[in-house]
Amino acid sequence: MVPKIMKDEVAAVNNEEENVQEAATVSLDVNDLCLWYGKHQALYDVSIKIPANKSTAIIGPSGCGKSTLLRTFNRMHEVSPGARMSGKVHLFGEDLYSPEIDPTILRRRVGMVFQKSNPFPTMTIRENVLVGLRLNGVRDKKILNERLESCLRMAALWDEVKDHLDRPGTGLSGGQQQRLCIARAMAMEPEVLLMDEPCSALDPIATMKIEELITTLKTKCTVVIVTHNMQQAGRCSDFTAFMYLGKLVEFDRTEKIFTNPDKQQTEDYITGRFG
Amino acid sequence: MSTTSLLASSRQNNHLWRKIKNWLMVSSSIGSALLVILPLGLVLFYLVYKGAAAINLGFFTNVPAPPGDTDGGMANAIVGSFLLLGMAVLVGAPMGILGGIYLSEYGNEKLNGAIRFCADVLNGVPSIVWSIIVYEVLVVPMRGYSLLSGGIALGLMMIPLVLRTTEEVLVLVPNSYREAALALGIARWQIIVKIVVATAYKGIITAVLVAGARIAGETAPLLFTAFGNLNWCTGLNQPVAALPLQIYAYAISAYEDWHRQAWAGALVLIGFVFIINISVRFMTRERKA
Amino acid sequence: MSNATLAVPPAPPQAPAKKWGDQAFKLITLLASLSIIVLIVALGYILYDSSKLSINKFGFGFITGTNWDSVAGIFGALPYIYGTLSSSLIGLLIAVPLSVATAAYLTDLAPVWLRQPVVSIIEMLAAVPSVIWGLWAILVMVPFLRDYIYPTMQKVLEPIPLIGQLFSGPIYGVGILSSGIILAVMIIPIITSVSREILRSVPNIQREAAYALGATRWEVTRIAVLSYAKRGLLGASVLGLGRALGETMAVTMVIGNKSDISASLFAPGYSLASVIANEFGDATTPMHQSALAELALVLLGVTLTVNIAAMLLVKTFTTKETRRVA
C-alpha cells in the first residue's frame with residue numbers, strides 16, 4: 001500500500017525547502033530523483049536541497065530508500081546491477097550525472113563511511129588512512145605524514161593509535177575501526193561526507209564518540225548521515241529529512257521536525273506510532 | 001494366534017533382520033574405505049622400501065648411467081623438472097590469475113558460466129592430447145623437442161586450474177572492501193590489484209602451488225615436447241630431462257639397476273608433490289584461523 | 001505511481017570518461033579469461049587439421065578397421081577403442097561401488113573424528129602421479145596378481161558358462177584386467193570426493209524424516225541419502241569414466257601394448273592413449289602421424305562428451321550461487 005501524498009503536500013515540502021535554502025548555501029541539490037532496481041522502484045520524485053557545512057540526517061523506517069538516496073550522491077548505486085535513475089543531482093551547482101563527470105573522481109569529492117567498519121585487512125593503520133592519497137598519486141612523504149596526523153586527530157583517534165601506526169587496521173576495536181574509516185575518508189578532503197548508519201554496529205560509548213565527531217567534521221565538509229535511530233538524528237544533525245516508502249515526506253530543521261512537524265506521517269514516526 | 005501377536009512377532013523378526021542388515025552394510029562401507037586407502041599405503045611402503053635403498057648422494061649429483069654402472073643419478077632430471085615447472089608457472093599463473101580476476105571482478109553471469117564450463121572441460125582433456133597439440137604448434141616449427149615446448153605444454157594445463165581457484169578465492173573477498181575503496185575514488189583496476197588481490201594473495205599463491213603440484217608429476221604432456229635427455233639441458237630450445245619421464249623410461253626397462261633408480265626417482269617426486277600439498281594445507285588452515 | 005514500471009528510463013549512457021588504465025586492465029583480464037575458450041577451439045582445430053590426411057583416406061573405416069600396420073600404411077583403430085573402453089569399464093565397475101560406499105561412510109556412517117583424516121588420505125591418493133601408479137603396478141601389483149590372484153580366478157571362474165570366456169587363455173599379468181584395476185585405483189579418489197560433495201548436499205531434513213520413521217542408520221542412508229542423490233552419483237561415476245578414458249601413463253605400462261581384440265580379460269590389449277604415447281615419437285610417415293592425430297581426436301571427442309555429460313549430471317546437484325560482486 002502506497003500512501004498518496006497530496007499535490008499540495010508536495011508543494012508544502014518545496015516551500016520548506018525554500019526556507020532551508022535561505023538558511024545556507026546549498027551543497028547537494030536533488031531534483032525529481034527517481035530510482036529503480038530492475039523493475040522495483042526504490043525512490044519516487046525526491047527533491048531536496050542539502051545545506052553546506054551542516055549536518056543533515058536522513059531518517060525513516062528500514063527499506064524507505066534512505067541508503068539508496070545517499071548512494072546517489074556519490075554514484076555508488078551504479079555498482080549494483082540493474083540500477084537506473086532519472087532526475088538531477090547537483091553538487092555546488094555541478095551536475096553529478098553529466099557525461100563529463102568521472103564517477104571515480106566524483107567519489108574523491110564525496111566521501112563515504114559505511115554501516116560496517118571496513119578497514120582494508122592487509123594494510124596498517126597508516127596505510128589505511130593514506131591509501132586514497134597514495135593511489136591517487138600523492139608521493140610527498142611530508143604531505144602524507146601531515147595528512148595522516150591531521151586526519152587521525154580529526155577522527156579523534158590520534159592519541160589512541162599514534163604509537164602503533166604500523167599495526168594492522170583490523171586489530172582495532174569496532175569503534176576505533178569506524179573512526180579509522182572516517183579518517184580514511186577525510187584524508188581525501190571531501191566536500192561532502194556521506195555516513196550510512198555509521199553507528200549501527202557500535203556500542204553506546206563508541207556511538208557517542210562518533211556523534212561528537214560529526215560536530216567537528218561539519219566545519220570541514222557537509223555531513224549527510226543516514227540513521228534509523230531518531231535520537232541520534234536529534235543529537236547530531238542540524239537538518240532532518242524523513243523518508244517513507246521511497247518518498248521524501250518532510251525536510252526541515254531538526255528541532256522543527258522533532259517538535260512540530262508539518263506532516264501527520266512524520267509525527268507518527270517520531271512519536272513511535274509506526275516504523 | 002491372534003492377529004496382534006502375529007504382527008508383533010513379525011515385527012520382532014523384521015527388526016532383527018533390519019539390525020543385521022544395518023550391521024552388514026555399515027561394516028561393508030568400512031571395508032570399502034579401507035580397501036580404498038590400501039593402495040596408498042602399499043605405494044608409499046614400496047616407494048620408501050625400494051626407493052630409500054637406491055637414494056645416495058650420486059643420485060642427486062650424477063646424470064643417468066648405462067645399466068650395470070651403479071653410480072648413475074637423476075640430477076639432470078630433477079633440475080629439468082624444476083625448469084619445466086618454473087616455465088609452466090610463468091605461462092600458466094599470469095593467464096590463470098588474470099582470467100580469474102575477470103570472472104570475479106568484471107564479467108557477467110552468461111560469459112562467466114561459459115568460461116567456467118570451458119575451464120572444466122579443459123581440465124578433462126587427456127594429458128597426452130596436450131603433448132600432440134604442442135608438438136604440432138611448437139616442436140614442428142622449432143624443428144626439435146625443447147624445454148620451451150615442454151614448459152608451455154604444462155603451463156597450458158595450469159591455466160584452467162589456476163583460473164577456477166583464483167575466481168573462487170577472489171569472490172570470498174567481502175564486497176565492503178571494494179565499496180570502501182570505490183568511495184575513496186580509487187580507480188577500479190587499482191582497487192582490484194591493491195585491495196582485492198592483496199587481500200586474497202595467500203589464496204592465489206595456494207592456487208598456483210596446488211596447480212603446480214598437479215602438473216609436477218605429469219608425464220604424458222612431456223613425451224613429445226620436452227622429450228627427455230640423458231644429459232644436461234643446454235638451452236631453451238634443447239630437449240630436457242624430467243623426473244617423471246626418467247621414471248617412466250626406467251620402469252619399462254628390463255634392468256634391475258634401472259628399476260631401483262625408478263623407485264628412487266619416484267620417491268623424490270612424490271616427496272616433492274606431498275610437501276607442496278601438505279604445506280598448502282597448513283597455509284589454508286592458518287588462513288581460516 | 002501504479003504505472004511506475006512504464007516510466008523506467010533507459011539505462012544511462014556509460015560514462016565515457018572511463019580512464020585508460022581501467023579499460024586496459026579490463027581488456028587484459030578479459031583476454032586472459034577468453035584464452036580458455038580459444039584453447040578449446042584450438043585443441044579441436046589443430047587435431048582435426050593434423051588428422052585430415054587420415055580422415056580423408058580412411059573415413060569411417062578408421063573406427064571400424066581392426067588392422068593397424070604402419071609399414072603397409074593401413075590404419076584401423078578398433079582394437080584401441082576396444083582396449084580403452086573395456087579397461088575403463090572394468091575400472092569403473094570396481095571403483096564405483098567402493099567409492100560410493102566410502103563416500104556414504106564418510107558423510108553419514110563414520111564417527112565424526114575419523115572423517116577428516118580419511119578425506120585427507122583420499123586427497124593424497126589423488127595427488128599420486130600417474131607414472132608412479134604405473135611404476136608400482138608394473139613392478140609390484142602385476143607380478144602379484146599374475147602369480148597369486150589370476151590363476152585362482154581362472155580356476156574358479158572359467159568353468160562358469162558365458163562369463164567363463166572372460167577368464168580363459170594364458171595369463172601374462174599385464175592386460176586389460178590389470179589396467180582396469182590400476183585405473184580403478186586412480187579414479188576412486190575423484191569419484192569418492194565428488195560423491196561425498198553430493199551426499200553432503202542432501203538436505204538434513206531428508207535424513208531426519210527417515211530417522212523419525214524409525215529407520216536404522218543404513219536405511220537412512222539408503223532411503224534418504226543414496227536414492228535422493230542417484231543422479232549426482234551417476235554424474236560422479238561418469239566423471240570417473242572420463243578420467244579413466246584419457247589416462248595414459250599407467251595404462252601404457254600395464255595394458256600389454258598388443259593390438260588384439262580378445263575375449264579374455266587376461267589378454268594384453270592396447271588403448272588409444274597408449275598407442276599415441278608409444279608410436280607418435282617414432283612415426284615417420286605423414287600418414288602414420290596423421291592416423292595417430294586422429295586417434296587423439298577420437299580420444300578427445302569421447303572424453304569431452306563423457307565429461308560434459310558428467311558435469312551436467314553433477315551440476316544439478318551442486319549449483320553453487322556465485323555471489324555477484326561490485
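Reader: Which elements do the buried residues of α11(C) pack against?

Author: A quick heads-up that this is a predicted model. Helix α11 of chain C covers residues 272–279, and six of its eight residues are buried. Those buried residues reach across to another chain as well as to their own: the partner in chain B is α5 (127–142). In chain C, the partners are α3 (78–109), α9 (230–246), α10 (249–254) and α12 (286–315).

Reader: And which are the buried residues of α11(C)?

Author: The helix is mostly covered, and buried here takes 20 or more other C-beta atoms within 10 Å. The residues that pass are L272(C), A273(C), S274(C), V275(C), I276(C) and A277(C).

Reader: Between α10 and α11 of chain C there's a loop holding N257(C). What is the phi of that residue, and is N257(C) buried or exposed?

Author: N257(C) is not a glycine, yet its phi is positive, at about 55°. To count as buried, a residue needs 20 or more other C-beta atoms within 10 Å. N257(C) has 20 C-beta neighbours inside 10 Å, so it counts as buried.

Reader: Staying in chain C, how far does helix α5 (residues 130–157) span between its end C-alpha atoms?

Author: Start with what a straight helix would do: 28 residues at 1.5 Å a residue would span 40 Å. Helix α5 of chain C falls short of that, with its end C-alpha atoms spanning only 31 Å.

Reader: Where is the kink in α5(C) centred?

Author: The helix has a span of only 31 Å where a straight one would have 40 Å. There is a kink in α5(C) of about 50°. The residue at its centre is A137(C).

Reader: Zooming out, is chain C compact or spread out?

Author: Chain C has 12 helices and two strands, and from the N terminus the order is α-α-β-β-α-α-α-α-α-α-α-α-α-α. For 326 residues the globule rule gives 20 Å, but the radius of gyration of chain C is 25 Å, well over that. Its C-alpha atoms fill a box of roughly 85 × 65 × 35 Å along the principal axes. By the globule rule, then, chain C is more spread out than a compact globule.

Reader: How does chain A do on that test: what is its radius of gyration?

Author: Chain A comes to 11 helices and 10 strands, and its C-alpha trace spans about 60 × 40 × 35 Å along the principal axes. The globule rule gives 19 Å for its 275 residues, and chain A is close to that, so it is as compact as a globular protein of that length. Its radius of gyration is 19 Å.

Reader: Which strands stand at the edges of the open four-stranded sheet in chain A?

Author: The strand order is β2-β1-β4-β5, with antiparallel pairing. Each edge strand has a single partner, so one side of it is left without a neighbour in the sheet. The edge strands are β2 (40–51) and β5 (94–95) of chain A.

Reader: In β4(A), which residue does W36(A) stand opposite?

Author: Strand β1 of chain A runs over residues 26–37 and β4 of chain A over residues 83–91. The two pair in the antiparallel sense over eight bridges. Opposite W36(A) stands R84(A).

Reader: R75(A) has a phi near 60°. Is R75(A) buried or exposed?

Author: That positive phi is in a residue other than glycine, and R75(A) is found in the loop between α2 (66–72) and β4 of chain A. Count the other C-beta atoms within 10 Å of R75(A) and you get 23. The cut-off is 20 or more, so R75(A) is buried.

Reader: Now the contacts between chains. Which helix gives the most to the side of chain C that touches chain B?

Author: The contact takes 72 residues from chain C and 74 residues from chain B. By class, the chain C side has 49 nonpolar, 17 polar and six charged residues. With 18 residues, the top contributor on that side is helix α1 (residues 20–58) of chain C.

Reader: And which element gives the most to the side of chain B that touches chain A?

Author: Here the contact takes 15 residues from chain B and 22 residues from chain A. The elements giving two or more residues on the chain B side are α7 (175–183) and α8 (188–199) of chain B. The residues of that side divide into nine nonpolar, four polar and two charged. Giving the most, with six residues, is α7(B).

Note on methods
Residues are numbered from 1 along each chain as its sequence is written. Chains are lettered from A and ligands numbered from 1 in the order in which they are written. This is a predicted model: local features need pLDDT of at least 70, side-chain atom pairs count only at pLDDT 80 or more; totals for chains, interfaces and linings use all residues. The expected span of a helix is 1.5 Å times one less than its number of residues. The bend at a residue is the angle between axes fitted to the seven residues ending there and the seven starting there. Two residues are in contact if their C-beta atoms, placed from the backbone, lie within 7 Å. Ala, Val, Leu, Ile, Met, Phe, Trp, Tyr, Cys and Pro count as nonpolar, Asp, Glu, Lys and Arg as charged, and the others, Gly among them, as polar. Two strands pair if DSSP finds at least two bridges between them. The radius of gyration is taken over C-alpha atoms; the globule rule is 2.2 Å times the number of residues to the power 0.38. A residue is buried if 20 or more other C-beta atoms lie within 10 Å of its own, exposed if 12 or fewer, and partly exposed in between; C-beta atoms are placed from the backbone.
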